[in-house]
Amino acid sequence: NFAHESEMASGLAISGTRSTGQDVRSQNVQAALAIANIVKSSLGPVGLDKMLVDQIGDVTITNDGATILRQLEVEHPAGKVLVELSNLQDQEVGDGTTSVVILAAELLKAANELVKKNIHPTIIISGYLQAKKEACKFIKRTMSLKLAELGKDAIINAAKTSMSSKIIGSESEFFASMAVEAVSRVKTTDSKGKPKYPVSAVTILKAHGKSARDSELVDGFSLNCVRVSQQMPKVIKGAKIALLDFDLRKAKMAFGVQVLVDDPEKLEAIRKEEGEITKRKCRMLIAAGANVVLTTGGIDDMASKEFVKAGVMAVRRCKKSDLKKIAKLTGGNLLLTLSDFEEGESVDASTLGEAKEVAEEKVGDGELIYIKGCSSTKAQTIVLRGANDYFLDEVERSLHDAMCIVKRTLESNTLAPGGGAVEAALSVFLERFSLTLGTRAQLAVRTFAQSLLIIPKTLATNGAFDATELVAKLRANHAAAQKQEGKSAKKWIGLDLENGAVRDNVANGVLEPAMAKIKMIRFATEAAVTILRIDDAIKMHQKENPKGPQQDGY
C-alpha cells in the first residue's frame, strides 16, 4: 500500500500508467522506425513487394506505402501518426507515400540522438522547421524545371518514374502513355480559368484474361452490367439515357396492407392494375424519348417486354455511385421517383442524359456496357486485363498513382529530378546553410541535412549496391555543382539503380513533380515535429465494469 500513499502524496492519482521524458521519446522513435522498416525495402525501382493477409484471409500484394500501412492495424499512437502521414501524402500527391514515412522516421531517430546529447527538443524543432523552409525554397529556386523547357515527353517520363517501382515497371512505356492520355482527356477548366484534371473521372475496370498489354483506354464511361434481355439492341446510337433509382417490377401491396374484396371480378381488376402501374411507368419513359434505361433496382419480365417492344436497352442493378457519375457526365438527373408536383406521374425529357452511343461489348468472360461520347464532360475508362485479382489490384493502384503524378505535373508545371538527386543536393546545401547559423539550431539543421540522405541510401541498399560509396559520389557531385563555377549542370545527378552508378537523371528522364518533393519534405518534417514534441504519455486503464443489480451488486 506504500506506493498508493506516495502517489496520493504527490497529488496526482490517475488510474493509468504514466511514462515521461526520454522513455516516451525512445518508445515513439522505436515505433516510428519499426513502421518505416516495413516499407523501407519497397522503395525505388528495385524495391520489393509486400504480401499482407488480413484477419479474414484476404491477400493484398502491393508496393504502395500507403496501402501497406493502411492494412497494418497499428496500435502504437506514434505509429498512427506515420500511417496518417502516408495517407495524407496519398491524398495530396498520390505518390511518394513510402519515402515520406522513411524520411519522417529518420528525422525522428536523428533528433532522438541529439536529445540524448542534452539538446532541448524545442531547439531541434525550430532547427527542423527552419531547415524545412530553406529546403522548400531551394527546391523551387534551384532544383525545379519548367515543363515547357522539357517538352511533352517529360510528362510521360514522370509517369514512368512513378511506375518504375511497381509491378508494371516493365510495361511502363505502355501504361505511362495510357495514364497521360487518360488524364489529359479529362481536362476541365475551373471558374478562374485554371486547368483541372480530375483523376476521379477516369474509371478503372478490371477484367480477367489476356495480358497486361491488352489493357485499353476507352473514351467514355463503362458499367460492369449487362442488358436485361438478349432481345434488346446491343448498340444504340444517339442515346437518351434515363437514370432511375427505383424498381420497375410489378407493384405489390405494402406489407400488412389488406384489401377486402366482396366481388371476385374486382380481384382480377386489382391484379391487372398492379401490372399496369409498372407498364405505365415504362411507357412514360419511352414516350419521353428514352432509349436506354439504367436502374439501381430490378426490372421484371413484364417491364422488360415493354422495353424490348420499343427497342430500348435496359440495364438493372447498377451501382448508385456509377449512376451518379453517369448523370454528371451525360447531363441527366438521377430520378428517385416519377412523381411530379401535380400529384400524378410524369417524365420530363430534360432529366434524360445524352450520349453519342451506348454499346454492350464482350470483354473477357463478361460483358461491359460502354457509354461513349458523353455530352457534358469527358469521362475515360481504363479496362485492365491480367492474370489474377492480386495482379489487377496492384496494377490499378500503380495506375492511380501514376495518374495522380501526371495530374500534379500538369497542374503545377514544374518537375524535379528523381533518384535521390534532390535529397542529395538539399543535404549539401543545408549543411552549408547550417554553418551560417550562429545559434544552437545549427546542429539541428545539420542533422536534418544528414537525415535527407536516407532516401538515396535506401534506394541504393534496395538495389544491393554499396550505399555508402554511391551516396558519397552523389554528394561530391552536388557539392561541386553548388560550389564550383561552371559545374552547375552536375546538380541533376542522381542514382542509376540499374547499373549502380550516378548519372544525369534529367537527361535520362527520371523526373517527379517538384511539388511532390516539397510536400514530402513538408509533411515528413511536420510529422516528426509532432512526435518529437511529446514528452509525456499517460495511458488510462480500462474501467472495470460495475456490477449491476442483476448480479450480486446491490
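The following dialogue examines how several terms apply to this predicted model.

Tutor: Local features here need pLDDT of at least 70, side-chain atom pairs count only at pLDDT 80 or more, and totals for chains, interfaces and linings use all residues. Residues are numbered from 1 along each chain as its sequence is written, and side-chain values use heavy atoms, with hydrogens and water left out.

Student: Why is Ser346 called partly exposed?

Tutor: Buried means under 20% relative accessible area and exposed over 50%, with partly exposed in between (1.4 Å probe, protein chains only). Ser346 has a relative accessible area of 35%, so the term is partly exposed. Ser346 lies in the loop between β12 (334–335) and β13 (353–363); strands are DSSP runs of E, at least two residues, and helices are runs of H or I, at least four, numbered from the N terminus.

Student: What makes β4 and β16 a pair?

Tutor: Pairing requires that DSSP finds at least two bridges between two strands. Because 2 bridges join β4 to β16 (residues 414–417), the criterion is met. Lys146 has Thr414 in β16 as its bridge partner.

Student: Which strands form the open sheet, and in what order?

Tutor: The order is β4-β16-β19, with antiparallel pairing. β4 (145–146) and β19 (511–513) each have a single partner strand, so they stand at the edges.

Student: What is the make-up by class of the contact of α5 with α15?

Tutor: Ala, Val, Leu, Ile, Met, Phe, Trp, Tyr, Cys and Pro count as nonpolar, Asp, Glu, Lys and Arg as charged, and the others, Gly among them, as polar. The contact (heavy atoms within 4.5 Å) has 8 nonpolar, 2 polar and 1 charged residues.
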